[in-house]
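Hi,

Here is the structure I promised to pass on to you. Have a look at it first, and then read my notes below.

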Amino acid sequence: MVSDFAKHYPVLLNEIISIITPQHGGTFIDCTFGQGGYTKKILSYKNTQVIALDRDIESKKEADQISEKFRDRFVFKNKKFSQLENLKLKNENIKGIIFDLGYSYTQIKDPIKGLSFNAIGDLNMRMGINDFSAKEAINKLSAIELEKIFKFFGEEKEAKKIANQIVLMRKKKEIDTQSLVEIIDRTKKKKNFKTHSATKVFQALRIFVNKEISELITGLISASKVLKKNGILIVVTFHSLEDKIVKYFLKSLSENKSISRYVPKVDQPETLFKMLEKKPRTPSVKELRENIPSRSAKLRYVIKKDNFYDFETDIFKKFKHLIEIENFGNKL
Ligand SMILES: C[S@@+](CC[C@H](N)C(=O)[O-])C[C@H]1O[C@@H](n2cnc3c(N)ncnc32)[C@H](O)[C@@H]1O
């Protein structure tokens with residue numbers, strides 16, 4: 001079957017459904033609603049409820065249509081998933097929380113968002129609920145700051161050279177999407193014929209502008225608190241940096257002692273989560289054939305062992321160097 005490229009293809013949908021088993025009903029949180037691919041599938045099972053979040057207000061159009069059909073089983077909030085804990089969900093029996101990170105096909109294709117190096121015009125890259133744009137970052141940050149963003153968020157090997165060229169060129173003219181692509185293309189010596197030369201810098205800028213590192217860490221911590229006993233936390237990632245953070249978080253809370261020392265010792269589990277599968281799930285050959293962008297997707301999940309909300313994690317410390325880079329944006 002050929003996929004419909006006007007729509008977002010919900011990645012690893014069958015795997016998600018087989019893990020969260022909405023056939024048995026329950027309340028689920030879809031932290032990255034997008035075009036509602038997961039939400040619609042979950043709601044197709046009786047006795048299910050979905051609380052959906054998305055930082056992009058464009059998602060509300062699709063959400064409004066779902067609301068009409070499932071008025072009493074669906075609620076949408078235009079919020080970031082780092083705000084999950086503010087939703088006052090303490091008394092809800094949340095059975096599963098899903099994060100499908102990255103961008104939907106419609107966002108990448110939206111010229112106003114300027115997420116792609118094929119976009120014409122302003123460097124924007126704001127997904128929604130942001131403090132600054134990529135244009136401000138590129139035109140205002142120092143060469144060293146830009147270098148660190150490209151190196152650590154994009155794993156760009158020629159980060160320093162590109163950053164220096166940007167600082168030189170912006171003295172003549174403000175940099176937009178096309179001029180940034182040109183600078184990267186001109187500066188990079190080592191060309192990779194499989195990927196566009198601007199891919200890594202654009203990835204780095206998207207992560208920086210949307211504060212994706214602190215969003216992800218705060219989102220994971222909040223989700224771990226909101227879940228109830230036997231609740232499932234599922235995360236789909238699309239690049240190695242995201243996966244490294246998710247893997248560390250889920251693994252460390254499944255293997256090391258993670259329950260706070262303030263919790264009474266009686267009947268207390270040693271770890272917050274149980275991890276049934278150490279290796280991530282990846283798309284099937286069939287899915288890869290139908291949806292090429294799914295090729296980098298990795299799905300990891302854990303099950304919460306008990307109703308504990310007070311746990312210890314060193315995740316912020318572990319990725320402190322990345323948070324420090326993200327904080328360059330505080331002055332913009
Ligand atoms: C890959 S798409 C999700 C697609 C969705 N699973 C579907 O099937 O239609 C990712 C979505 O997450 C949203 N998103 C990314 N970061 C977010 C955050 N920190 N808080 C809330 N939504 C976020 C994006 O705006 C985008 O709509």
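**What I found**

Let's start at the ligand: one of its nitrogen atoms sits 2.8 Å from a polar backbone atom of Phe-81. Keep in mind as you read that this is a predicted model.

Two oxygen contacts are worth finding as well. A polar side-chain atom of Asp-54 is 2.7 Å from an oxygen atom of the ligand, and a polar backbone atom of Phe-33 is 3.4 Å from an oxygen atom of the ligand. How much of the ligand does the protein bury? On its own the ligand exposes 610 Å², and 98% of that is buried by the protein.

Around the ligand there are 24 residues, and those that come nearest are Asp-54, Phe-81, Asp-100, Gln-107 and Glu-215. Sorted by class, this shell holds 8 nonpolar, 9 polar and 7 charged residues.

Now for the sheet. It is open, has 7 strands with mixed pairing, and follows the order S3-S2-S1-S4-S5-S7-S6. Its edges are strand S3 (74–77) and strand S6 (273–274), each of which pairs on one side only. Strand S2 (residues 48–53) pairs with S3 in the parallel sense, over 4 bridges. There you can spot Leu-53 opposite Lys-77 in S3.

Two helices to look for next:

- Helix H1 (residues 13–20) lies across strands S1 (26–30), S4 (94–100), S5 (232–237) and S7 (298–304), and runs at about 165 degrees to S5.
- Helix H11 (residues 240–255) packs on the sheet and touches S5, S6 and S7, with its direction at about 25 degrees to that of S7.

Enjoy exploring!

Notes
Residues are numbered from 1 along each chain as its sequence is written. This is a predicted model: local features need pLDDT of at least 70, side-chain atom pairs count only at pLDDT 80 or more; totals for chains, interfaces and linings use all residues. Side-chain values use heavy atoms; hydrogens and water are left out. A residue is near a molecule or strand if one of its heavy atoms lies within 4 Å of it. A polar contact is a pair of N or O atoms within 3.5 Å; within protein, one must be able to donate a hydrogen and the other to accept it, and residues adjacent in sequence count only if both atoms are side-chain atoms. Accessible areas come from the Shrake-Rupley method with a 1.4 Å probe; for residues, only the protein chains shown count as cover. Ala, Val, Leu, Ile, Met, Phe, Trp, Tyr, Cys and Pro count as nonpolar, Asp, Glu, Lys and Arg as charged, and the others, Gly among them, as polar. Two strands pair if DSSP finds at least two bridges between them. Contact means heavy atoms within 4.5 Å. Axes are lines fitted to C-alpha atoms, for helices over the stretch in contact, and angles run from 0 to 180 degrees between N-to-C directions.
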